[in-house]
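Please read the following account alongside the sequence and the coordinates. It leads from individual charged pairs to the bound ligands and ends with the backbone.

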Amino acid sequence: MRFLLTWLMFSHLLIAEDRYEFERPLMGTLFCIQTYAPSRQVAQKAADAAFKEATAINEVASDYIADSELLGLAQKPAGQPVVVSPRLFSLIEQARGMAQLTDGAFDPTLGPLTKLWRESRRRQQLPSAELLQLARSSCGYQRITCDRATRSITLRVSGMRLDLGGIAKGQAADAMLAVFLQHHLPITSITAGGDVRLGAPPPGQTGWTVGVRTFDRNKDSGKLTLSHCAVSTSGDLQQAIEINGTRYAHIIDPQTGLGLTLPAAATVIAPTAAQSDALATACCVLPPHKARELVKTIPGCRVHLAEKRD
Ligand code: AMP
Ligand code: MG
C-alpha cells in the first residue's frame, strides 16, 4: 500500500514531459500555446480543443463578423431583453463587471464610438461634432442589463453597440487554459497578442518568462517571471495614428469619445486574463495615480505603468 502511494505521488516525475508549441492567427492577432505534455499527440488534442473554444468565442463576440451574435444584439429594439448563448452571456457579464470596477474607463458599450473611430482612422479625419455627439449618446455600461435567471441581455438605449475588443482576447486565453486543465496539462501558457495566461511553471523553473514591450517596438522593456496568473500590456505602440499632427491611440477616451492622445502603456498582472486585459486598457485611459489606486484595490493585481513620453 505504501509503495502504491509513493508511486502515485512521484509517477508524474518519471514520465518525462516535452515542450510543444502551437500557433494560430485569431482575433486579429497571433495566438501561441506552449505546453508540456507526455506526447505530441496528447498536446495536439488539447491544442485543437483550445483553438476550437477560442474560435467559438470569436464567432459569438466579434464586432468584425457581421452576423456575430454580439452584433445581432444591436439590431434588436432597445429595451427588449434578448436571450443569448451561455458563452456570450458570460462574456458580456464579465465585461460589464470590469466596466463597473473601472468606473467606465474600460467600457464595452463604447461600440458606437469605436466604430466611428475606425472610420476616422481610415479617412485620416476626425469625426464631425454631430456624429460624435450621436455616438456618445448611445454609450454607457450602466445601460446594459444582464439577467442571469433568463440568460438575457437588454441594451436599454437605441443605437447601442457592444465592443469586446478590449477584453475578448483575455477571455479567450482564460477559456483555452481551462481546456488544457481539463486535459490534465497544467504546465501551459497561452499568448494572445499582448495578453498572456499562465498555468503552472515549466519543470525546474519558478515561472514562465514573459517579455513586456511598451513604447519601443523592437525591444522588451522588461521581463517578468510568473505562473498561475495572467499579464496584459495595452498601449498605443501598435496601432497609433496621426491626424492633423496629433497622435491618437486605438483606445478610446470615454471623456472625449476620441482616441487617447497622451502616449500611454500599462502592463497589468491579475488572476485571470479577462481581468488583466480589461484593466490594462483601463489603466491607459486613467491618469497614472488613479490607475495605480484602482489596481491596488483588486486582489491579486499589480500594475506597471510606462512613463508617458513628451
Ligand atoms: P486593448 O488592445 O486590449 O487595449 O483593447 C483595445 C480595443 O478595445 C480597441 O481596439 C477597441 O475595440 C476597444 N476599446 C477601445 N477603447 C476602449 C475602452 N475605453 N474600453 C473598452 N474597450 C475599448
Ligand atoms: Mg485590453
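A suitable starting point is E93, which counts as partly exposed at 25% relative accessibility. Here, buried means under 20% relative accessible area, exposed means over 50%, and partly exposed lies in between, with a 1.4 Å probe and protein chains only. The model is a predicted one, in which local features need pLDDT of at least 70, side-chain atom pairs count only at pLDDT 80 or more, and totals for chains, interfaces and linings use all residues; side-chain values use heavy atoms, with hydrogens and water left out. Residues are numbered from 1 along each chain as its sequence is written, while chains are lettered from A and ligands numbered from 1 in the order in which they are written.

E93 forms a salt bridge with R148, and the closest N and O atoms of the two are 2.7 Å apart. A salt bridge is a side-chain nitrogen of Lys or Arg within 4 Å of a carboxyl oxygen of Asp or Glu. Because E93 lies in helix 4 and R148 in the loop between strand 4 (144–147) and strand 5 (152–155), the pair ties together parts that are 55 residues apart in sequence. Helices (H or I, at least four residues) and strands (E, at least two) are DSSP runs, numbered from the N terminus. R148 is exposed, with a relative accessible area of 63%.

Side chains of opposite charge can pair when their charged atoms come close. The structure holds seven salt bridges. One of them joins the side chains of R87 and E53, with an N to O distance of 2.9 Å. This pair also links distant parts of the chain, since R87 belongs to helix 4 (residues 86–101) and E53 to helix 2 (residues 40–61), 34 residues apart. R87 is partly exposed at 32% relative accessible area, and E53 is likewise partly exposed at 22%.

The salt bridge between E119 and R122 has an N to O distance of 2.4 Å. Both residues lie in helix 5 (residues 111–123), separated by three residues, or about one turn of the helix. E119 is partly exposed, at 29% relative accessibility, whereas R122 is exposed, at 60%. Elsewhere, D63, R118 and D163 are linked in a network of salt bridges.

D163 leads to the surroundings of ligand 1, where D107, D163, S234, I252 and T281 come nearest of the 15 residues around the ligand. A residue is near a molecule or strand if one of its heavy atoms lies within 4 Å of it. By class, this shell has six nonpolar, six polar and three charged residues. Ala, Val, Leu, Ile, Met, Phe, Trp, Tyr, Cys and Pro count as nonpolar, Asp, Glu, Lys and Arg as charged, and the others, Gly among them, as polar. Helix 8 (residues 273–285) contributes the largest share of the shell, three residues.

Which atoms approach ligand 1? An oxygen atom of the ligand is 2.5 Å from an N or O atom in the side chain of S234, and an oxygen atom of the ligand is 3.1 Å from an N or O atom in the side chain of H250. A nitrogen atom of ligand 1 is 2.8 Å from a polar backbone atom of I252. The protein covers 89% of the 500 Å² of accessible area that ligand 1 has on its own, with areas computed by the Shrake-Rupley method and a 1.4 Å probe.

T281 takes part in a second site as well: the protein donors of the magnesium ion (ligand 2) are G166 (O), D277 (O), D277 (OD) and T281 (OG1), at 2.0 to 2.6 Å from the ion. Donors are N, O and S atoms within 2.8 Å of the metal (3.2 Å for Na, K and Ca), and sites may look incomplete because water is not among the atoms. Along the chain, the magnesium donors follow the spacing G-x110-D-x3-T. G166, in the loop between strand 5 and helix 7 (168–182), and D277, in helix 8, are 111 residues apart and link distant parts of the chain. G166 is buried, with a relative accessible area of 18%, and D277 is buried at 4%.

Two backbone conformations complete the account. M27, a residue other than glycine, has a positive phi near 50 degrees. M27 lies in the loop between strand 1 (18–26) and strand 2 (29–37) and is buried, at 18% relative accessible area. H184, also not a glycine, has a positive phi of about 60 degrees. H184 lies in the loop between helix 7 and strand 6 (188–192) and counts as exposed, at 67% relative accessibility.

Key: Polar contact = N/O pair within 3.5 Å; in protein donor to acceptor, adjacent residues only side chain to side chain.
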